[in-house]
Amino acid sequence: MRENCGLIWGYSMGYRGRVVAVCVVILFNILRYGYYHIYLGYLFDRSFFVLTGIFLLVAWTGGRQYDVAKFYAEKDPLTNAYNRRAIDKVFKKQIYQYRSQGKKMGVVLIDLDEFKDINDTFGHQTGDELLRCVAELIMDIAKKEDYVVRWGGDEFVHVIRDLKEDTLSDYVRNLRSKLSNLDMELVQTVSASIGIAVYPDDGETFEALIQKADTSMYEMKKA
């Protein structure tokens, strides 16, 4: 069965900026009401609600601009996966928690095979479509708490949190199967070279784990 490549992306933009901005406006208007209508004794009229509505609209708009900026600072705009800068920051925070709890984390490096040939043969638009489809496929496999990263060019990294024993081999088989069944109009066959590393067995920094996964990937290529 061919895997259909849709346009549903795995991560949505947060609401933190909008929520904080609206809460600040609500607090401000509670204080404004108390000062003008209770402390000073001014008469209450409809202009209060009009101004409150305007303030809330401005706050929501400003908060949304913050959310958009934060979203694109962390995500790759083509694939909607996390970018390298974001995962470096996230991984460092996770390390402290996992070290104290004795948990493991998987780092899977995925390098699309013959991507340059696809770009040269079918054009960059098809290449971009393939990258979006692969990112969506990995996000579909990933757990909600995992991280999918556009590592660069035709490479992705899937950070598997709270890794269970003996699941990586099944993961690799499942990923290869889904890639081979990817439904694209021009590209008939999609495959990838895959390398894996496990925290803390193969390293205690993200850089060390990526290096180990990269070595593992090239060993698989030679096999």
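**Sheet architecture, helix packing and surface features of the predicted model**

Strands E2 and E6 run antiparallel and are joined by eight bridges. Within this pairing, Leu112 stands opposite Ala192 of E6. The structure described here is a predicted model. On its other pairing, E2 is joined to E4 by six bridges, and these two strands likewise run antiparallel. Val108 has His158 of E4 as its bridge partner. E4 in turn pairs with E3 in the antiparallel sense, over five bridges, and Phe156 in E4 is the bridge partner of Arg150.

Taken together, these pairings give an open sheet of four strands in the order E3-E4-E2-E6, with antiparallel pairing. Strand E3 (147–152) and strand E6 (192–199) form the edges, each pairing on one side only. From one strand to the next, the twist averages 20°. Strands of a sheet pair through backbone hydrogen bonds, in either a parallel or an antiparallel arrangement.

Two helices pack on this sheet. Helix H6 (residues 168–180) touches strand E2 (105–112), E4 and E6, and the direction of H6 makes about 155° with that of E6. Helix H7 (residues 206–222) touches E2, E3, E4 and E6, and the direction of H7 makes about 140° with that of E6. Strand E2 is thus named among the contacts of H6 and among those of H7.

The burial of E2 was examined residue by residue. The strand is mostly covered, with eight of its eight residues buried. Both faces are covered: Met105, Val107, Leu109 and Asp111 are buried on one side, and Gly106, Val108, Ile110 and Leu112 are buried on the other. Val108, the bridge partner of His158, and Leu112, which stands opposite Ala192, are therefore both among the buried residues, each having under 20% relative accessible area.

The loop between E3 and E4 holds Asp154. Because its relative accessibility is 18%, Asp154 counts as buried. When neighbours within four places in sequence are left aside, Asp154 is in contact with Ile110, Asp111, Leu112, Phe115 and Leu131. Of these contacts, Ile110, Asp111 and Leu112 are themselves buried residues of E2.

A search of the whole structure finds six salt bridges. In one of them, Lys104 is joined to Asp201, with the closest N and O atoms 3.0 Å apart. Lys104 lies in the loop between helix H3 (84–101) and E2, whereas Asp201 lies in the loop between E6 and H7, so this pair ties together parts that are 97 residues apart in sequence. Lys104 counts as partly exposed because its relative accessibility is 24%.

Another salt bridge links Asp120 and Lys116, with the closest N and O atoms 2.9 Å apart. Because these two residues are four residues apart in helix H4 (residues 115–122), about one helical turn separates them. Asp120 and Lys116 are both exposed. A further salt bridge is formed by Lys143 and Asp146, for which the closest N and O atoms are 3.2 Å apart. The partners in this pair contrast in exposure: Lys143 counts as partly exposed, at 33% relative accessibility, while Asp146 is buried, with a relative accessible area of 3%.

Away from the charged pairs, a nonpolar surface patch of about 520 Å² is made by Phe28, Val50, Leu51, Ile54, Phe55 and Val58. Helix H2 (residues 47–74) gives the most to this patch, contributing five residues. Ile54, one of the patch residues, is located in H2 and is partly exposed, with a relative accessible area of 45%.

Asp214 provides a reference point in helix H7. This residue is partly exposed, having a relative accessible area of 27%. Asp214 and Leu40 are 174 residues apart along the chain, and their C-alpha atoms are separated by 69 Å. The helix that holds Asp214 is one that packs on the sheet.

Terms used:
Residues numbered from 1 in each chain as written. Predicted model: local features only at pLDDT ≥ 70, side-chain atom pairs only at ≥ 80, totals over all residues. Heavy atoms only, no water. Pairing = 2+ DSSP bridges. Axes fitted to C-alpha atoms, helices over the stretch in contact; angles between N-to-C directions. Contact = heavy atoms within 4.5 Å. Buried < 20%, exposed > 50% of the residue type's maximum accessible area, 1.4 Å probe, protein only. Patch = residues over 30% accessible without salt bridge, like charges linked within 9 Å, V, L, I, M, F, W, Y side chains within 5 Å. Areas by Shrake-Rupley, 256 points an atom, 1.4 Å probe, with all protein chains shown as cover. Salt bridge = Lys/Arg side-chain N within 4 Å of Asp/Glu carboxyl O.
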